[in-house]
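Good morning, and thank you for joining this short presentation. I should like to discuss how several helices pack and then turn to a pocket.

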Amino acid sequence: MSSALHPPTAHRMIEASGVHKWYPNGFHALRGASLSVHRGEVVVIMGPSGSGKSTFIRTFNALEDFQQGTITVDGIALSNDLRQIDAIRREVGMVFQQFNLFPHLTVLENLTLAPVLVRRRDRAEVETQARALLQRVNIAEQADKFPGQLSGGQQQRVAIARSLCMEPKILLFDEPTSALDPEMVREVLEVMQDLARDEGMTMVVVTHEVRFAREVAHRVVLMDHGEVVEEAPPELFFTNPAHQRTRAFLDQIL
Amino acid sequence: MSHPALKPPLGTRLRSELFGSPGNSALTLVLLAALGSAAFGLLHWGLVQARWAVVRANSTLFAVGRYPLDQQWRLWLLTALLAAAAGLAWGLLRSHPRRDRGGELWPRNDRIAVVLLAATALAVPWWLRLEPLIQARWWGITALLLLVRWAAGHWGQRLPARLLALLPLLWPLLYLVGMLLINGGVGLLPVPPGDWGGLLLTLIAASFAILLCFPLGVLLALGRRSDLPLLRWGSVLYIEFIRGAPLITLLFLGQNMIGFLLPGGLAPDRVWRAAWVLTFFAAAYLAEAVRAGLVAIPPGQLEAARSLGLTVPQALRTVVLPQALRVALPTMVGQFISLLQDTTMLSLVGLMELMGTARTVMANPAYLGRNAEVYLTLAVLFWCCCAALGLGSRALERRLDPNPAS
């Protein structure tokens, strides 16, 4: 199974070490979380709810700030410098649990907005690329509809295509299938799987989908109470985890 | 469309609702009698007792005040330009239906509107006993509107996309041309604001305030939600101060204070002072409407825009504000309608807008006791303007609705 995966390279795309975050209300959400992700690697983050996994990946593109530790994305250290944050966000795509498509724009406009506005590319050229991307996620015929006219699974595939249209170096997925009806989960996971296998895309995925983790991930990470508890290849993670907390978590979900 | 079996015909429903029981029948009859006598009374007054000479003789005064007679061609020209622009916008709107839903070139509402417009253009000048030449101008302007509507509807598709993209600029341009025509200068004889009056002044003051309070209100609403404390507190202070003071005090304050604040030559004319006060007043209320719209947009929208690399101004302009303003649209138009009606307050600081004109007319001994005729005319005029705003806003809401009912 993993023979079909691209082998990750040595180049480090994300390097987070000792990240601490306190919310304004005093809640200590991240307690020294560390993770490094190599180019072409697919890392799945699992963990009980409230363990800080969403907060953690949201720090990678500065949607959340943090108070201690360092995060370096493709060689750029995250700081409060707004221009650097904009530069990082251009290279890091994000897919959300609630899709967050722009409901007042058509599907095609959702895809072309950022490339035209941020990368200042030619609109006609971006539209051609956008239609090709929609073809790849199997919804080419919906290009002129509005997001509200699509099913949840279709919306999430549009959201993935929207991220890809910016040609990012890294894609972050924040529970991409949690808000979907069961019969629509598969179509979204298949798109993600193709991305990992055919493109060698660097992906960090927060999900509860065990099958996806087993078949697509290079590494599976367990987070609990704001820190990374276990990191292992999937075959090891699911069959012979090193930590008691991982075993307790797996007992609950398997 | 509901199933026919679920909805009995109107006659049956009315009978069962109005005459279902003896008590209901009696109540219906009493109410019908009361309504009937009121309607008869109004008709009798309007057709027999009322003396409409007060409106007919002063129709020019009500329309434009003391605007010089030999310069009024400028206002006719402006009306014709506005009619052509309105016809163009109307026609193009129909010839370019939204991509995701169909649209007829001449839907039923448009056919009704054409009949109403034609009837108004024929009946009102006749009823006002205007000179034949003036009556012909009414017909000509209405014909121009409908002709441009027809032409834009049929050939709008052939206009190049680049030209269409520039068309929204037509409105601000037309506003500037309009102010130039009204105010004079650049070769035209200047007509000072003191000579503007009636419906003309009402519309100038209202449109000026509506156009300027919109950007101001949006900025205030964004300021109120800003992370910068100085900006936030400044906006809150402004909004709460303005909303805590009655318009009439602000109007008097504006007339008296702006003179002290600015050196003599720079202080604007009394008309413009009042228009600015109206603008600042409306902006505070508009800011609250826009803020409600901003609150209604889920934070995920801004997050998605930011994670695609858009800067905050870009995200606000292309993602957040279009949605927030759509949510706020009905409230905003409500504010614009009250703003239009608030212009009547200008009469209290001595300006001759519709209300001020009405008061001078009624003070004329020749028209003693003709108050009802004058007030009814004013009410109908205001109703027409407000109904137009309301209809326009509902059409815009439908056009912007991303989730059609189909």
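**Helix packing and a pocket shared by two chains**

Let me begin with chain A, where helix H3(A) passes helix H4(A) in a right-handed crossing. Please bear in mind throughout that this is a predicted model. Two packed helices are described by the angle between their axes and the distance between the axes. For H3(A), residues 107–118, and H4(A), residues 123–136, the axes come within 9 Å and cross at roughly 130°. An angle over 115 but not over 145 degrees counts as oblique, so H3(A) is oblique to H4(A).

Which residues meet in this contact? From H3(A) come A:Val107, A:Leu108, A:Leu111, A:Thr112, A:Pro115 and A:Val116. Facing them in H4(A) are A:Arg123, A:Val126, A:Glu127, A:Ala130, A:Arg131, A:Leu133 and A:Leu134. By class, the residues of this contact are nine nonpolar, one polar and three charged.

H3(A) also meets a helix of chain B, namely H15(B). The axes of these two helices come within 12 Å, and their crossing angle is roughly 150°. Since angles over 145 degrees count as roughly antiparallel, that term applies to H3(A) and H15(B). Their crossing is right-handed. On the chain A side the contact involves A:Leu113, A:Leu117 and A:Val118, while H15(B) supplies B:Gln314, B:Arg317, B:Thr318 and B:Val319. Four of these residues are nonpolar, two are polar and one is charged.

I turn now to a pair within chain B. H10(B) and H11(B) pack at about 125°, with their axes 7 Å apart. This angle makes H10(B) oblique to H11(B). H10(B) passes H11(B) in a left-handed crossing. In H10(B) the contact residues are B:Leu220, B:Gly223 and B:Arg224. Their partners in H11(B) are B:Leu231, B:Arg232, B:Ser235, B:Val236, B:Tyr238, B:Ile239 and B:Glu240. This contact divides into five nonpolar, two polar and three charged residues.

Finally, the pocket. How much space lies in the second largest pocket? The value is about 1300 Å³. Its lining comprises 39 residues, and those nearest its centre are B:Arg225, B:Asp227, B:Leu302, B:Arg306 and B:Val312. The elements giving two or more residues to the lining come from both chains. In chain A they are strand S1 (12–22), strand S4 (68–73) and helix H2 (82–91). In chain B they are helix H10 (198–224), helix H11 (229–243), helix H14 (299–307) and helix H15 (312–342). The lining residues divide into 22 nonpolar, eight polar and nine charged.

To close, H10(B), H11(B) and H15(B), which figured in the packing, are among the elements that line this pocket.

Notes. Residues numbered from 1 in each chain as written. Chains lettered and ligands numbered in written order. Predicted model: local features only at pLDDT ≥ 70, side-chain atom pairs only at ≥ 80, totals over all residues. Heavy atoms only, no water. Axes fitted to C-alpha atoms, helices over the stretch in contact; angles between N-to-C directions. Helix = DSSP H or I, 4+ residues; strand = E, 2+ residues; numbered from the N terminus. Parallel < 35°, antiparallel > 145°, perpendicular 65-115°, else oblique. Left-handed = near helix turned anticlockwise from the far one by under 90°. Contact = heavy atoms within 4.5 Å. Nonpolar A, V, L, I, M, F, W, Y, C, P; charged D, E, K, R; others polar. 1 Å grid on protein atoms, 1.4 Å probe; cavity = no way out; pocket = protein on both sides within 12 Å on 5 of 7 lines; lining within 4 Å. Points joined across faces, edges and corners; volume = space filled by probe spheres on them.
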